[in-house]
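Visitor: I am new to reading protein structures. Could you show me one and explain how each label is earned?

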Amino acid sequence: MQQAPTTSEVVLATAGYDHTIRFWEALSGICIRTIQHPDSQVNRLAISPDKRFLAAAGNPHVRLFEVQTNNPSPVTSFDGHTGNVTSLGFQSAGRWIVTGSEDGTIKIWDVRAPGIQRDYELKSPVTDVIIHPNQGELISCDQSGAIKVWDLGENSCTHELVPEEDTPVRSITMASDGSVLVAANNKGNYFVWKTKRGEMTDLEAVQKVQAHGKYITKCLLSPDTRILATCSADHTVKIWNSNIDPDEYSSSSVDLSKGCFTLDKTLTGHQRWAWDCAFSADSAYLVTGSSDHSARLWDLSNADTIRHYNGHQKAVVCVALHDVSL
């Protein structure tokens, strides 16, 4: 019996301003499929946990495409936003997706029955929204500079903080065990909070770092929580190592005087803005996308580019990678 192709296949996709989505053979760098996205540029990509679907966030729609077929048409469209959709994420079981938009709202959609399940008003353009590892909360950031926690059980915003007045927060990321939250802003700073017992209402600020001289476009914690990547308008991606063993985060005695993260490497090679990144499941490799029309695969042990993904005609602003064996 043949093994289903979904089990071990690496899914790597990129998209951006040339109105195409490209799938790549990760190791050879060969483009194996191109999907036209005529409506708008693509701002964000997300792959479903079972690798069946790729969600693409545009302006103002979100479209769902099949990964394992050559069907060029979306199988579902999520319609309801009235502005650029800037963020996108699948729930861990793949049953629903969350989206954030410049229209100032966050929406939750059922993947099987497209319709808005939840709708939260922020009164400020949403720049990023992520799902807490507990799957019961959302964390958003926006143009006003606020970070907000949304409790799906209580159906309301339960917590709000502003790390730096009048500075838009561009990106947020959380450790897979819920122990650490990182947010990055338009001044090139990132901020780190430790959660006590994973409770979002009990955040302890532990570090502020001037990471880049220009905008940070994306911050992302690795699956093993030991690495933080920051992408920037300064054309670089910086790799920061955790000073704390992941097992010690919940300990009250952990020494945070040196901060949580220390600069380890700077990935240089992109010729223009670095927009987005995605870690491999083993946290050893990073894929990045840039305004220089390319994406790259980096070996984080030595900061070398080991693959170039060339073919886009304009800026690559989003990448998605799913290499977990199912």
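Guide: What follows is a set of questions and answers about a predicted model.

Visitor: What makes up the fold, in helices and strands?

Guide: The protein chain has zero helices and 28 strands.

Visitor: How do you know whether the radius of gyration of the protein chain agrees with that of a compact globule?

Guide: Set one value against the other. For 326 residues, a compact globule would have a radius of gyration near 20 Å. The protein chain has 18 Å, so the value agrees with the rule. Along its principal axes, the C-alpha trace spans about 55 × 45 × 45 Å.

Visitor: How much of the protein chain is buried?

Guide: Buried residues make up 57% of the 326 residues. The label requires under 20% relative accessible area. The accessible surface of the chain comes to about 13,400 Å². Carbon and sulfur atoms account for 46% of that surface.

Visitor: What share of contacts join residues at least 24 apart?

Guide: That share is 45%, counted among contacts between residues at least 6 apart in sequence.

Visitor: Why is the pair R63 and D39 called a salt bridge?

Guide: The cut-off is 4 Å between a side-chain nitrogen of Lys or Arg and a carboxyl oxygen of Asp or Glu. R63 and D39 meet at 2.1 Å, N to O. That distance is within 4 Å, so the pair earns the name. Side chains of opposite charge can pair when their charged atoms come close.

Visitor: Where do R63 and D39 sit along the chain?

Guide: R63 is in strand β6, residues 62-66. D39 is in the loop between β3 and β4. The two are 24 residues apart, and the pair links distant parts of the chain.

Visitor: Are R63 and D39 buried or exposed?

Guide: R63 has a relative accessible area of 14%. That is under 20%, so R63 is buried. D39 is at 43%. That falls between the 20% and 50% limits, so D39 is partly exposed.

Visitor: How many salt bridges does a search of the whole structure find?

Guide: It finds nine. One of them joins K187 and E164, with the closest N and O atoms 3.7 Å apart. This pair also links distant parts of the chain, 23 residues apart. K187 lies in the loop between β17 and β18, and E164 in the loop between β15 and β16.

Visitor: What makes K187 partly exposed and E164 buried?

Guide: K187 has a relative accessible area of 44%, so it lies between the two limits. E164 has 14%, which is under 20%, so E164 is buried.

Visitor: How do you know that E164 and K208 meet in a salt bridge?

Guide: Their N to O distance is 3.9 Å. The limit is 4 Å, so the pair qualifies. K208 lies in strand β19 and E164 in a loop, so the pair ties together parts that are 44 residues apart in sequence. K208 is at 52% relative accessibility, over the 50% limit, so K208 counts as exposed.

Visitor: Which residues are joined into one network by salt bridges that share partners?

Guide: D39, R63 and D79.

Visitor: Why is the link between N189 and E164 called a polar contact?

Guide: The two side chains come to 3.0 Å. The cut-off is 3.5 Å between N or O atoms, so the distance fits. N189 lies in strand β18. N189 has a relative accessible area of 3%, so N189 is buried. Beyond its sequence neighbours, N189 touches several residues, including E164, K208 and I216.

Visitor: What makes G104 buried?

Guide: G104 is at 4% relative accessibility, under the 20% limit, so the label holds. G104 is found in the loop between β9 and β10. Residues in contact with G104 include Y120, L122 and P125.

Visitor: How many disulfides does a search of the whole structure find, and why?

Guide: It finds zero. Take C231 as an example. Its sulfur is 3.7 Å from the closest cysteine sulfur, in C277. A disulfide needs 2.5 Å or less, so this pair is too far for a bond. C231 is buried, at 0% relative accessible area. For C31, the closest cysteine sulfur is in C318, 14 Å away, again too far for a bond. C31 is partly exposed, at 26%.

Key: Residues are numbered from 1 along each chain as its sequence is written. This is a predicted model: local features need pLDDT of at least 70, side-chain atom pairs count only at pLDDT 80 or more; totals for chains, interfaces and linings use all residues. Side-chain values use heavy atoms; hydrogens and water are left out. Helices (H or I, at least four residues) and strands (E, at least two) are DSSP runs, numbered from the N terminus. Buried means under 20% relative accessible area, exposed over 50%, partly exposed in between (1.4 Å probe, protein chains only). Contact means heavy atoms within 4.5 Å. The radius of gyration is taken over C-alpha atoms; the globule rule is 2.2 Å times the number of residues to the power 0.38. Accessible areas come from the Shrake-Rupley method with a 1.4 Å probe; for residues, only the protein chains shown count as cover. A polar contact is a pair of N or O atoms within 3.5 Å; within protein, one must be able to donate a hydrogen and the other to accept it, and residues adjacent in sequence count only if both atoms are side-chain atoms. Lists of a residue's contacts leave out its neighbours within four places in sequence.
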